[in-house]
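Dear colleague,

I am handing over the structure below for your work. After it you will find an account of what was found.

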Amino acid sequence: MKSLIIKYKNSLMLLASLLLMGCGSKENKSQEEVLKATTEEESPTITSLTAEQIKTVDIQYGTIEKKQLTATLRANGALRVPNNNKANATSMYGGVIKTINVQLGDLVKKGQVIATIVNPQFIQVQEEYLSTSSKVTFAEQELARQKELNAGNAGALKNYQNANAELKSIRTRRASLQQQIQLMGINPNSLNNNNLRSVLSVISPITGTISNVFSKTGSYVDVSSPVAEIVDNSQLHLDLNIFEKDLPMLQVGQIIHFRITNNSAEDYNAKVYSIGAAFENDSKSIPVHATVQGNKSGLIDGMNITAIVSLNNVTTDAVPTDAIVRADGKEYIFVATDKKAEGELKEEENKSEVSKTKELTTNFEKIEVAVGVTNMGYTAITLVKDIPTHAKIVTQGAFFVNAKLTNKGEE
């Protein structure tokens, strides 16, 4: 009987142990499932900004571009305009400035009036021209008379010769005055006693932009005193300084990407057309010239530039460096998308009449990228997953979009 009681107690203890072990296993399994579900829950990748928010933080868009960022050579230089594309507007005669018709930065055409000058001597030249023209007529008549007299042996040969010499002298003087009047901008054939001019025009010799105005109203100018300087920026080119060791890597036809040293917001392109054959002063650098191509807006003579010379034709996908944000040890860009954020999907499921008046928003998707070399404000990237061709990406303000997404995830 005693052994039966002991066997019964042992069976109860074994059953209790099995029950306890089952409960513990179930509890541990439940905790593991919760932890796994929490771990596998993905962070949000889509966020939305209202039009007001986009305007406030100045979100800018762009696309993934093709750039030559790998085999490159960095160089410094300046923008130059050839001397035959620069000109000074001057007066052929001295006088006092009456009016100035241009200001710095004005675009002028060849032959346009830059300023007017006044001088009483202008009238004297025109007066002498008209007087000399009358003398020519009289001298021609006198020569004809002396010729008739000489033919009839009624006049001396000496008188005929003097008349002929006088006519030639007066004609020479008239031709000289005629050239002077033409240089004044006056048509000698239309000149008469009723239209003598005391005011002359200073005209632009080329088409271009006014880069400097040297005179002011009331100042005296002459041939050695230019009124204004005009520059034709259409022939703008780069003067680069390349060191001796880098010269073998350059050749005519290579493409140059450059930016203004004090303004790195805009990229420009140029093409090498000439490589110097001698050192520039004592700097041990060789001048290389390149023609600026495409857009020239904002470029003027004398600007310092920083250039990247492409040494091969290999291109890669690239975006502005500011378009890339780093989070959780990875790099991302933000792409404008029609996909809905999680919160928006829930709202659509429970939408009401109030949702029709909801403020217009733009959605952005966070896309992971692998980054490469950085040059001239651009960084080479490789997309981890495909995006639509020509998709709009955030090139400025990506940090704020990421902050909005992070805050949404925390909520």
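Asp58 is found in the loop between α2 (51-57) and β2 (60-62). Its phi is near 60°, which is a positive value in a residue other than glycine. Please bear in mind throughout that this is a predicted model.

Is Asp58 buried, partly exposed or exposed? Its relative accessibility is 38%; Asp58 therefore counts as partly exposed, since that class lies between the limit of under 20% for buried residues and that of over 50% for exposed ones.

A second residue with a positive phi is His390, where the angle is about 60° although the residue is not a glycine. His390 sits in the loop between β22 (378-383) and β23 (393-396). With a relative accessibility of 70%, His390 counts as exposed.

On the surface, Val96, Val118 and Tyr220 make a nonpolar patch of about 250 Å². Of these residues, Tyr220 belongs to strand β11, which covers residues 220-221. Tyr220 has a relative accessible area of 53%, so it is classed as exposed.

Another loop residue to look at is Gln103, placed between β6 (95-100) and β7 (107-108). Gln103 has a relative accessible area of 58% and is therefore exposed. How far apart are the C-alpha atoms of Gln103 and Ala228? They are separated by 9.2 Å, while the two residues stand 125 residues apart along the chain.

Finally, a word on confidence. The chain has a mean pLDDT of 78, and 80% of its residues reach 70 or more. Where in the chain is confidence lowest, and where is it highest? The lowest mean, 47, belongs to helix α1 (residues 2-40), and the highest, 92, to strand β12 (residues 228-231). Over residues 22-41 the pLDDT is below 50, and this stretch has zero contacts in the model beyond near neighbours in sequence. The stretch of residues 352-357 also has a pLDDT below 50, and it likewise has zero contacts beyond near neighbours in sequence. Predicted coordinates should not be read in detail where pLDDT is low.

When you open the model, you may wish to begin with the loop residues Asp58, His390 and Gln103, and then turn to the patch made by Val96, Val118 and Tyr220.

With kind regards

Methods:
Residues are numbered from 1 along each chain as its sequence is written. This is a predicted model: local features need pLDDT of at least 70, side-chain atom pairs count only at pLDDT 80 or more; totals for chains, interfaces and linings use all residues. Side-chain values use heavy atoms; hydrogens and water are left out. pLDDT is the predictor's confidence in each residue, from 0 to 100. Helices (H or I, at least four residues) and strands (E, at least two) are DSSP runs, numbered from the N terminus. Contact means heavy atoms within 4.5 Å. Buried means under 20% relative accessible area, exposed over 50%, partly exposed in between (1.4 Å probe, protein chains only). Patches are made of residues with over 30% relative accessible area and no salt bridge: like charges are joined within 9 Å, nonpolar side chains (Val, Leu, Ile, Met, Phe, Trp, Tyr) within 5 Å. Accessible areas come from the Shrake-Rupley method with a 1.4 Å probe; for residues, only the protein chains shown count as cover. A salt bridge is a side-chain nitrogen of Lys or Arg within 4 Å of a carboxyl oxygen of Asp or Glu.
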